[in-house]
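Reader: I am in my first year and would like a close look at one part of this protein, namely the empty spaces in and on it. Could you take me through them slowly and explain each term as it comes up?

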Amino acid sequence: MSFNCRHCENAPCMLVCPARALYRDEDGAVRIKYQQCIGCMFCSVACPFGTPEFVPELKIMVKCDLCSHRRDEDKLPACVTTCPTDALILASEEEILQIKVKQNLAKIEELAKKVEKILGGAV
């Protein structure tokens, strides 16, 4: 099971940060202003996935930023492009729903063809 950052709409990590180091960028990714982070670990405790991690050498928290450097180049995050099962996508909730509807319609059409073949005629 993957415990990566989900960049929650109402991100609890952002809500509890006393330094206001966590913010949402223009693409909707929850990011950390490292120069503001005080390393209190509140964000990690508040995160339902425990995503933010403390870096002892730097005394700050770090977390996934959806590969902001790749997004700046109009590329997908590395996790999306390298996922061997294509289980990860970067899309809005609306886009995901549209994808699911198309997938379900394709399954219904496939099932109808199978039933038609079994019954030997149009259904």
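Author: What follows goes through the enclosed spaces, then the open pocket, and then a few residues and a surface patch.

This is a predicted model, in which local features need pLDDT of at least 70 and side-chain atom pairs count only at pLDDT 80 or more, while totals for chains, interfaces and linings use all residues. Residues are numbered from 1 along each chain as its sequence is written, and side-chain values use heavy atoms, with hydrogens and water left out.

Rolling a probe the size of a water molecule over the atoms shows where empty space is left. On a 1 Å grid over the protein atoms alone, a cavity is a set of points where a 1.4 Å probe fits but cannot get out, whereas a pocket is an open set with protein on both sides within 12 Å along at least five of seven lines; a lining residue has an atom within 4 Å of a point. Grid points are joined across faces, edges and corners, and a volume is the space filled by probe spheres set on the points.

By this rule there are 2 cavities of 30 Å³ or more. The largest cavity holds about 70 Å³ of space, and of the 13 residues that line it, Cys5, His7, Cys8, Cys13 and Cys47 lie nearest its centre. To sort a lining by class, Ala, Val, Leu, Ile, Met, Phe, Trp, Tyr, Cys and Pro count as nonpolar, Asp, Glu, Lys and Arg as charged, and the others, Gly among them, as polar. The lining of the largest cavity then divides into 10 nonpolar, 1 polar and 2 charged residues. The second largest cavity holds about 30 Å³, and its lining is made by Cys17, Ala21, Leu22, Cys37, Cys40 and Cys43, which divide into 6 nonpolar, no polar and no charged residues.

The largest pocket holds about 690 Å³ of space. It is lined by 25 residues, of which Arg6, Ile89, Leu90, Ala91 and Ile96 are the closest to its centre. The elements that give two or more residues to this lining are α4 (78-82) and α5, where helices (H or I, at least four residues) and strands (E, at least two) are DSSP runs numbered from the N terminus. The largest share, 5 residues, comes from α5, and by class the lining of the largest pocket has 14 nonpolar, 5 polar and 6 charged residues.

Helix α5 also holds Glu95, which is partly exposed, with a relative accessible area of 40%; buried means under 20%, exposed over 50%, and partly exposed in between (1.4 Å probe, protein chains only). Glu95 and Ala21, the latter from the lining of the second largest cavity, are 74 residues apart in sequence and 30 Å apart in space, C-alpha to C-alpha.

Leu111 is in helix α5 (residues 93-119) and is exposed, with a relative accessible area of 53%.

Turning to a loop, Leu66 is found between β4 (60-62) and α3 (68-71), where Cys67 lies as well. Leu66 has a phi near 55°, a positive value in a residue other than glycine, and Cys67 has a positive phi near 50°. Leu66 is buried, with a relative accessible area of 15%, and Cys67 is buried too, at 18%.
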